[in-house]
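Reader: I would like a close look at a single part of this model, taken slowly and with the reasoning spelled out. Please start from the way two neighbouring helices pack and work outwards from there.

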Amino acid sequence: MAKRIVTVALTGAVTPHGYDVPETPEQIADCAYECWKAGASVAHLHMRDDEGAGVMDPVRFYQTIKILRTKYPDCDIIVNCTSSGDNRVSDDSPYGNNIRRLHHKIVPGIEMGTFDAGSFNWGIPGGIFSNSPTFLTDAGMLYQERNIKPEFEVFDLSMIRAVGVYWKKGIVKAPLHFQFCLGVVGGMDATPRSVQMMVEEVEHLQAEGNLPKEVTWSGFGIGKGHLPVMYACLANGGHIRVGMEDNVVYGKDKDGNKILANNLMLVQRAVRAIEAYGDEPATGAEAREMFNLAPLDMDATVKALEGITIEEIEQAKEDCKKEFGSTYKNEKGMG
Ligand SMILES: [Zn+2]
């Protein structure tokens with residue numbers, strides 16, 4: 001019986017108001033716990049500012065992880081933090097590139113971090129989702145230094161090949177974990193065919209020696225592609241991501257009216273699908289083993305979180321602005 005890892009993407013950067021999306025650190029921590037009890041083993045975290053816009057604020061990442069780890073000591077969900085949760089700083093500026101990584105650099109308790117393996121047009125209208133070689137190289141080296149496992153978010157086939165090149169250069173280390181992100185305009189569409197193509201590309205690159213043998217992968221489709229992609233991931237032996245970052249509609253009732261989703265409903269359905277397939281959701285400990293992550297040392301994590309203050313993190317934000325000159329624009333560039 002295979003173990004399938006369920007990642008829950010709780011919040012995202014752009015899911016609008018009006019849906020059941022956790023936004024404050026306390027809401028996000030509480031929701032992560034609820035989803036863990038239902039079978040999720042990875043929480044993919046984004047932060048929101050007071051107006052609800054996605055923001056790369058290390059204070060909020062810190063507050064969320066601290067609440068999660070101190071309020072819920074029985075919960076071993078893996079903490080996975082985005083590196084691209086504010087489209088106003090995905091601009092390849094020195095400030096943008098540094099503020100996108102600051103939480104990974106200074107906040108304790110982050111076990112995984114996203115590594116978006118290329119740049120592309122995000123949506124119409126929209127902006128350029130910029131992940132330059134400089135940004136990615138620095139992210140890869142920082143993740144190694146901090147023992148953070150990269151999650152390679154890939155939006156098309158070429159990005160899978162690019163990850164192999166970063167691996168060959170030693171910027172990232174095996175085992176590698178991919179997240180197939182499907183359905184964004186500018187990337188591949190959210191269909192079983194795209195899942196199949198990505199799996200075949202991974203296997204092709206492995207056969208050529210351009211990816212290591214030790215690869216795990218997961219996938220998700222946004223919007224109405226979420227179900228076809230989830231089942232295609234199961235059928236192809238992969239792991240699953242669900243959550244309000246990707247999809248806000250659960251389905252339709254018998255009259256054709258939309259049923260709105262929340263994170264718990266999406267995790268519960270993913271777990272039911274895994275069990276119906278004859279498999280089991282992986283626990284946090286099992287997922288860490290599959291990812292080759294260290295077991296969770298709760299005492300050490302809480303101690304490290306208590307060893308840093310919000311004032312110190314605020315200071316690091318100020319230093320980042322001073323050093324790199326904020327390019328922050330209040331108007332949104334994307335989404
Ligand atoms: Zn995300």
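Author: The crossing of α7 and α8 is right-handed. In this predicted model, helix α7, which covers residues 192–207, packs against α8 at an angle of about 35°, and the two axes are 8 Å apart. On the α7 side the contact is made by Pro192, Val195 and Gln196, while α8 contributes Pro228, Val229, Ala232 and Cys233.

Just before this contact comes Thr191, which is found in the loop between β9 (176–182) and α7. Leaving out residues up to four places away in sequence, Thr191 touches Gly225 and Pro228, and Pro228 is one of the α8 residues in the helix contact described above. Thr191 has 16 other C-beta atoms within 10 Å and is therefore partly exposed, since a residue counts as buried if 20 or more lie within that distance and as exposed if 12 or fewer do. Between Thr191 and Ala270, which are 79 residues apart along the chain, the C-alpha separation is 17 Å.

Ala270 leads on to helix α9, where it is one of the buried residues, together with Asn263, Leu266, Val267, Val271, Ala273 and Ile274. Seen down the axis of α9, these buried residues fall within an arc of 160°, so they line one face of the helix. The face turned away from that buried side carries the exposed residues Arg272 and Ala276. Helix α8 (226–235) appears again here, because the elements that cover the buried residues of α9 include α8 as well as β1 (3–4), β2 (6–9), α1 (25–37), β11 (239–242) and β14 (280–281).

The length of α9 can be checked too: its 15 residues, 263–277, should span 21 Å at 1.5 Å a residue, and the end C-alpha atoms are 21 Å apart, which agrees. After α9 comes Gly278, which has a positive phi, near 100°.

Ala270 also belongs to a wider grouping, for in the largest nonpolar core, which has 89 residues, Ala32, Ala43, Val154 and Ala270 touch the most other members. In soluble globular proteins, nonpolar side chains tend to be buried together. Val154, another of these core residues, is in contact with Ala117, Met159, Ile160, Val163, Phe178, Phe180 and Cys181, when its neighbours within four places in sequence are left aside.

Technical notes: Residues are numbered from 1 along each chain as its sequence is written. This is a predicted model: local features need pLDDT of at least 70, side-chain atom pairs count only at pLDDT 80 or more; totals for chains, interfaces and linings use all residues. A nonpolar core is a set of buried Ala, Val, Leu, Ile, Met, Phe, Trp, Tyr and Cys residues joined through C-beta atoms within 7 Å. Two residues are in contact if their C-beta atoms, placed from the backbone, lie within 7 Å. Helices (H or I, at least four residues) and strands (E, at least two) are DSSP runs, numbered from the N terminus. The expected span of a helix is 1.5 Å times one less than its number of residues. The arc is that of the directions from the helix axis to the C-beta atoms. Axes are lines fitted to C-alpha atoms, for helices over the stretch in contact, and angles run from 0 to 180 degrees between N-to-C directions. A crossing is left-handed if the near helix is turned anticlockwise from the far one by less than a right angle, and right-handed if clockwise.
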